Amino acid sequence: MDDKTGNHSAEGAAAPAEPGLDFIREIVTGDLSAGRVREVVTRFPPEPNGYLHIGHAKAICLNFGIAQEFGGRCHLRFDDTNPAKEEQEYIDAIERDVRWLGFDWGQHLYFASDYFDRLYDWAIDLIKAGKAYVDDQSQEEMRANRGTLTEPGRPSPYRDRSVEENLDLFARMKAGEFPDGARVLRAKIDMASGNINMRDPALYRIKHAHHPRTGTAWKIYPSYDFAHGQSDAIEGITHSICTLEFEDHRPLYDWFIANLSVPSTPHQYEMARLNITHTVLSKRVLTELVRGGHVSGWDDPRMPTIAGFRRRGVPPEAIRDFIKRVGVSKANSQVDAVMFDFSVREALNKNAQRRMAVLKPLKVVIENYPEGQVEELEAVNHPDDEAAGSRQIKFTRELYIEHDDFMEVPEKKFFRMAPGREVRLRYAYFITCKEVIKNAAGEVVELRCTYDPASKGGNSPDGRKVKATIHWVSAEHAIPAEVRIYNPLFLDPNPSSDAATFATGINPQSLEVIADARLEPSLAEAKVETPFQFERQGYFCRDKDSTPDRLVFTRTIGLRDTYAKDVAKDTRESPRQNAKA
RNA sequence: UGGGGCGUAGCCAAGUGGUAAGGCAGCGGAUUUUGAUUCCGCCAUUCGGAGGUUCGAGUCCUCCCGCCCCAGCCA
């Protein structure tokens with residue numbers, strides 16, 4: 001007896017559902033404790049027709065996660081039944097990305113194409129049992145005869161061919177005697193079913209295409225429906241987890257399992273797919289972003305792909321944490337992208353060493369600091385982790401500070417550098433702005449300051465307080481670098497997934513290049529993928545585009561900025577205040 | 001109008017007849033040599049709606065409303 005969710009195993013008194021378990025884990029728990037399955041076996045079944053994205057990460061974390069938690073195993077199985085779209089490059093990328101996410105399939109790497117022979121034999125069994133037939137109708141005729149959502153379909157004129165004729169035709173399909181699309185093998189189920197998937201679905205189609213694994217050995221390829229469940233059965237999969245749009249396919253999945261002599265009886269469960277604001281997770285669109293040159297590639301840091309996040313500096317634990325927070329359910333939902341940002345910041349805050357870097361340099365000359373003098377100051381690598389140690393940084397007469405940390409006419413809530421103000425240079429001294437130097441265009445180009453020698457290290461012996469601490473680098477020692485700031489690829493919280501129109505929604509400011517940032521010298525040895533926090537700014541990592549004479553850093557994500565948020569809020573509210581005044 | 005699903009806070013999400021977990025966001029406040037972090041506190045008299053059953057309903061029943069998926073020889 002199936003319950004209303006169709007999950008046969010949710011029945012019974014088993015498993016006093018531990019609260020907090022999602023519905024899939026509850027089912028697994030129940031199946032294990034009731035003895036319905038001895039060992040849980042799951043699988044992650046990507047089609048190698050593109051790179052993995054954050055939506056796949058949900059499926060990966062769920063399938064591999066469940067296997068880990070319940071002492072079972074998870075297979076990596078490529079669903080490579082459509083040679084027209086699949087490529088070896090994608091197979092390699094998918095394996096790399098799953099590993100990087102932190103999961104291991106051990107010896108259990110499979111391909112649906114490994115099962116082509118058995119699948120073919122099963123098709124023949126179906127024909128012999130009078131449950132499948134070769135249809136000569138054109139695609140258009142089949143569509144016309146399939147009926148509509150409210151009208152039943154009509155039987156194909158070829159539906160009642162003899163077993164012998166079907167066997168002969170199917171063998172000739174396999175032998176490559178017919179061109180693509182000429183015929184198709186169909187299951188004989190029910191043309192009047194309310195479920196359109198049961199109206200004699202296609203099992204095999206003719207495709208004279210090169211397959212990345214089987215080459216040109218096959219001229220016919222099984223459909224997803226005919227391959228998936230049987231592949232699960234062959235591998236002994238106990239819980240075959242997929243997304244909601246396959247719910248309608250479950251009766252068909254079960255039909256094959258019931259009508260074929262398969263070695264096990266797997267069951268399919270469906271969960272909602274992941275949707276995130278400002279993000280498109282349609283493979284079609286992602287492929288188009290790459291092919292159309294809208295981004296630099298599948299690993300462009302703006303892409304929601306695993307490869308993109310990796311290059312951007314997002315650690316795998318952040319992705320896993322995010323997926324865990326999002327949960328698993330059957331409700332269509334759209335997760336706010338800021339939730340992902342939270343997971344990224346949390347992982348990075350914990351692990352990234354701190355460094356100082358100035359993105360938009362403003363020169364500062366300390367007038368009372370001896371020319372040519374260089375002092376070594378100690379800076380901790382991580383404020384919450386003593387084990388991270390410390391490093392020495394050089395202080396000199398000429399420095400760079402962040403241009404944004406100075407305001408000639410400071411607004412109310414701005415308490416960084418301004419004419420006459422004293423601030424702290426992190427790990428160094430208190431300095432006071434004495435003079436502002438501008439160029440011919442009236443732009444501020446240099447600050448003349450004085451320092452308080454007694455405030456070395458950042459504290460004044462007289463207990464004098466300062467309202468701000470800003471970061472800096474020694475002008476002489478800092479290394480120049482290009483820094484890339486990435487913004488959302490789509491400004492619309494709910495961007496179009498329509499292949500024809502998505503491009504119009506691309507944020508023209510999604511990439512901001514800062515050509516002349518100045519970094520603390522220790523950053524020259526940074527490794528790709530090692531995250532750093534540039535203090536007061538955000539998390540950054542060295543990009544693979546770096547060359548021996550030109551460093552490139554990518555911003556993973558900015559620090560939370562309540563000041564900026566406050567300013568933005570005031571700006572929004574000011575019209576009302578003005579109206580009142 | 002056929003079939004399959006889903007509706008709990010701004011966004012996710014627990015809840016399985018006994019009186020609405022948790023997280024994100026937001027808002028206050030404390031600490032701070034990062035306007036970061038951390039820490040405290042606030043944030044659903046009500047679960048899409050209306051009836052009904054019950055001592056008691058987010059949970060059970062009925063009707064209604066809304067949203068998503070399905071008419072590929074894609075997966």
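This report walks through salt bridges, contacts with RNA, empty spaces and two backbone angles in the structure above.

## Before we start

The model you are looking at is predicted. Every value below was computed from it, so treat each as a description of the prediction.

## Salt bridges

Let's begin with charged side chains that pair up. How many salt bridges does a search of the whole structure find? The search finds 49.

One pair to look for is E235 with R77, whose closest N and O atoms are 3.2 Å apart. E235 belongs to helix α7 (residues 224-235) and R77 to strand β2 (residues 73-78), so this salt bridge ties together parts that are 158 residues apart in sequence. Are E235 and R77 buried or exposed? Both are buried.

Two other pairs are worth finding in the viewer. R161 and E165 meet through their side chains, with 3.5 Å from N to O. R161 counts as buried because its relative accessibility is 13%, under the 20% limit. E165, with a relative accessible area of 35%, is partly exposed. In the pair of E177 and R172, the closest N and O atoms are 2.7 Å apart. Here E177 is partly exposed at 46% relative accessible area, and R172 also counts as partly exposed, at 28%.

Salt bridges can also join up into a network. One such network links D299, R311, E482, R484, D543, K544, D545 and R550.

## Meeting the RNA

Now turn to RNA strand B. Around this strand there are 70 residues, and those that come nearest are R354, F415, G457, Q533 and K565. Of the atoms of RNA strand B that come within 4 Å of the protein, 65% belong to sugar and phosphate.

Which atoms come together in the individual contacts? A polar side-chain atom of Q533 lies 2.5 Å from a base nitrogen of the strand. G181 uses its backbone: an N or O atom there lies 2.9 Å from a base nitrogen of RNA strand B. Y224 also takes part through a polar backbone atom, which is 3.0 Å from a phosphate oxygen of the strand. Several elements give two or more residues to the surface near RNA strand B, namely α5 (139-145), β6 (202-206), α11 (316-326), α12 (337-351) and α13 (562-580). Sorted by class, the residues of this surface are 19 nonpolar, 24 polar and 27 charged.

## A pocket

Next come the spaces in the protein. Rolling a probe the size of a water molecule over the atoms shows where empty space is left.

The second largest pocket holds about 1000 Å³ of space. Its lining is made of 40 residues, and H56, T243, E245, F246 and R273 lie nearest the centre of the pocket. Which elements each supply at least two residues of that lining? They are β1 (41-44), α2 (54-69), α7, β8 (239-243) and α9 (283-291). The largest share, five residues, comes from α2. By class, the lining of this pocket has 14 nonpolar, 15 polar and 11 charged residues.

## An enclosed cavity

A search of the whole structure also finds one cavity of 30 Å³ or more. The volume of the largest cavity is about 40 Å³.

Which residues line the largest cavity? Y224, D225, H228, H249, Y253 and Q268 do. You have already met Y224, through its backbone contact with a phosphate oxygen of RNA strand B. Helix α7 provides the largest share of the cavity lining, three residues. By class, the lining of the largest cavity divides into two nonpolar, three polar and one charged.

## Two positive phi angles

Finally, take a look at the backbone. Most residues other than glycine have a negative phi, and most peptide bonds are trans.

H278 is a residue other than glycine with a positive phi, near 60 degrees. You can find H278 in the loop between β9 (267-271) and α9, where it counts as partly exposed at 28% relative accessibility. Y427 is not a glycine either, and its phi is positive at about 70 degrees. Y427 sits in the loop between β16 (422-425) and β17 (430-438). Is Y427 buried or exposed? With a relative accessible area of 14%, Y427 is buried.

Key. Residues are numbered from 1 along each chain as its sequence is written. Chains are lettered from A and ligands numbered from 1 in the order in which they are written. This is a predicted model: local features need pLDDT of at least 70, side-chain atom pairs count only at pLDDT 80 or more; totals for chains, interfaces and linings use all residues. Side-chain values use heavy atoms; hydrogens and water are left out. A salt bridge is a side-chain nitrogen of Lys or Arg within 4 Å of a carboxyl oxygen of Asp or Glu. Helices (H or I, at least four residues) and strands (E, at least two) are DSSP runs, numbered from the N terminus. Buried means under 20% relative accessible area, exposed over 50%, partly exposed in between (1.4 Å probe, protein chains only). On a 1 Å grid over the protein atoms alone, a cavity is a set of points where a 1.4 Å probe fits but cannot get out, and a pocket is an open set with protein on both sides within 12 Å along at least five of seven lines; lining residues have an atom within 4 Å of a point. Grid points are joined across faces, edges and corners, and a volume is the space filled by probe spheres set on the points. Ala, Val, Leu, Ile, Met, Phe, Trp, Tyr, Cys and Pro count as nonpolar, Asp, Glu, Lys and Arg as charged, and the others, Gly among them, as polar. A residue is near a molecule or strand if one of its heavy atoms lies within 4 Å of it. A polar contact is a pair of N or O atoms within 3.5 Å; within protein, one must be able to donate a hydrogen and the other to accept it, and residues adjacent in sequence count only if both atoms are side-chain atoms.
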